[in-house]
Amino acid sequence: MLSIRELRDRAVIRPIKRAVEDQLLDLPGVTAVDIGVKHRAGAPTGQQAIVVSVIRKRPRDQLVPGTGVPGDIFGIPTDVIEEQPVLQHIHCARQEPMAPSRRRGDRSGAVRAGGGLVPCRAVHLAPPTVPSAGEYRRIGTLGAIVTGTAPTVVTMGLTTFDVACLDDAWAVGDRMADPDDGRVHTELARAALSGRVDAAAVAIAPGSETSCVVDGIGPVTGHATAYPGERVRKNGFGTGVTLGVVTSVDATVRIDHGEALGVRVLREQIRITAADLRFCGPGDAGAAVLDPGGRIIGLHVAGSRGGLFGFASPIADVLAELDVELCTESQRIRV
């Protein structure tokens, strides 16, 4: 957990970071702007800084004048790290069988958070996104059970815009399936890709049994605001249950959403660092991130290559933009 001094330093840096982040994002190779501890020669200095992520670090004398990150901004030190956030879904060729999840657990037929989700609609992709050109499906995670009104109460599951919508050709009613068994049990109901949220809600088919439990973690008890230093967990279709630590709530991230949607900027995202070697990986997009008390603090969207860092949209923003409420009942319910 951050000290009072560190929290005060971040509060001072935050408005400056917000004021200059667009200029920094316009520099060649910059992928994210955040607030964090400055490192020197690989060791933390304890000093809070504006942290700029780049695809590849280069010596300053190899940069074109005016394209490098300044050593300080209005007296605030900067730090430059190598990091390229990427969306975390799995592409599966349409004709190939979808590999069952090794982390299914005892789901007993219920639609439960932590399982996989795949749109029935496929999209055409080409290298370098995939090994060979063709029709592909996109697999991610159904992160949490929610309810909304439209105009009656509807039970839905949360995931990301990228998993459920694929591109700009999405439509309400697009069918979704469970990649474990191919069962079609949901359809796209709501979606949001904004400056702070990458999320979608899929309506669960009437007659389906649902459980307001995150598989492998436990009942959802509510939602909360993330804070640096907090230990968290998530269960994603790709890497299962993993542990992490919130290291920032100020990450502004540039993410490539593909040819149809282009590069989008997500602001004030939650940065999570792996407690071990890896926090996330392909297939985890849409996973709920929970605190030790079972409260959801964010919806996992993207991660660094290798999975050391993850990025999540704050759950309060997700719920507000989709106009839904979390299910916090521990027992199964019938839709």
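A pocket, as the word is used here, is an open set of grid points where a 1.4 Å probe fits, with protein on both sides within 12 Å along at least five of seven lines. In this predicted model, the largest pocket holds about 970 Å³ of space. Its lining is made up of 40 residues, and those nearest the centre are His91, Thr129, Asp256, His257 and Gly258. Five strands give two or more residues each to this lining: E1 (30–40), E5 (85–87), E6 (90–93), E9 (123–125) and E20 (240–256). By character, the lining divides into 19 nonpolar, 14 polar and 7 charged residues.

Away from the pocket lining, a good place to turn is the nonpolar interior. The largest nonpolar core has 23 residues, and Leu158, Ile296, Val318 and Leu322 are the ones that touch the most other members. At least two residues of this core come from each of strands E11 (144–149), E12 (153–159), E15 (198–204), E22 (288–290) and E23 (295–304), and likewise from helix H3 (315–322). Helix H3 gives the most, with 4 residues. Val318 offers a close view of the packing: leaving aside residues up to four places away in sequence, Val318 touches Leu158, Val197, Ala199, Leu299 and Ser313. There is also a second, separate core of 18 residues, with Leu117, Ile145, Ala200 and Cys212 among them.

Two valines show how distant parts of the chain come together. Val146 lies in strand E11 and has 0% relative accessibility, so it counts as buried, the cut-off being under 20%. Beyond its neighbours up to four places away in sequence, Val146 touches Val154, Thr155, Met156, Gly157, Leu158, Leu319, Val324, Glu325, Leu326 and Cys327. One of these, Cys327, is 181 residues from Val146 in sequence, yet their C-alpha atoms are 5.0 Å apart in space. The other valine, Val118, belongs to strand E8 (residues 116–119) and is buried because its relative accessibility is 2%, again under 20%. Val118 and Pro179 stand 61 residues apart along the chain, with 6.1 Å between their C-alpha atoms.

Aromatic rings meet in 1 pair in this structure. The partners are Phe161 and Trp170, arranged edge-to-face, with 5.9 Å from centre to centre and 80 degrees between the planes. Phe161 has a relative accessible area of 5% and is therefore buried, whereas Trp170, at 30%, is partly exposed.

A few details of the backbone complete the picture. Most residues other than glycine have a negative phi, and most peptide bonds are trans. Against that background, the peptide bond from Pro127 to Pro128 is cis, with omega near 10 degrees. Pro128 sits in the loop between E9 and strand E10 (134–141). Ala41 has a positive phi, near 55 degrees, though it is not a glycine. This alanine is found in the loop between E1 and strand E2 (43–54), and its relative accessibility of 86% makes it exposed. Glu268 likewise has a positive phi, near 50 degrees. Glu268 is placed in strand E21 (residues 263–274), and it is partly exposed, with a relative accessible area of 23%.

Definitions and conventions
Residues are numbered from 1 along each chain as its sequence is written. This is a predicted model: local features need pLDDT of at least 70, side-chain atom pairs count only at pLDDT 80 or more; totals for chains, interfaces and linings use all residues. Side-chain values use heavy atoms; hydrogens and water are left out. A nonpolar core is a set of buried Ala, Val, Leu, Ile, Met, Phe, Trp, Tyr and Cys residues joined through side-chain atoms within 4.5 Å. Buried means under 20% relative accessible area, exposed over 50%, partly exposed in between (1.4 Å probe, protein chains only). Contact means heavy atoms within 4.5 Å. On a 1 Å grid over the protein atoms alone, a cavity is a set of points where a 1.4 Å probe fits but cannot get out, and a pocket is an open set with protein on both sides within 12 Å along at least five of seven lines; lining residues have an atom within 4 Å of a point. Grid points are joined across faces, edges and corners, and a volume is the space filled by probe spheres set on the points. Ala, Val, Leu, Ile, Met, Phe, Trp, Tyr, Cys and Pro count as nonpolar, Asp, Glu, Lys and Arg as charged, and the others, Gly among them, as polar. Rings of Phe, Tyr and Trp (its six-membered ring) pair if their centres lie within 6.5 Å; planes under 30 degrees apart count as stacked, over 60 as edge-to-face and the rest as tilted.
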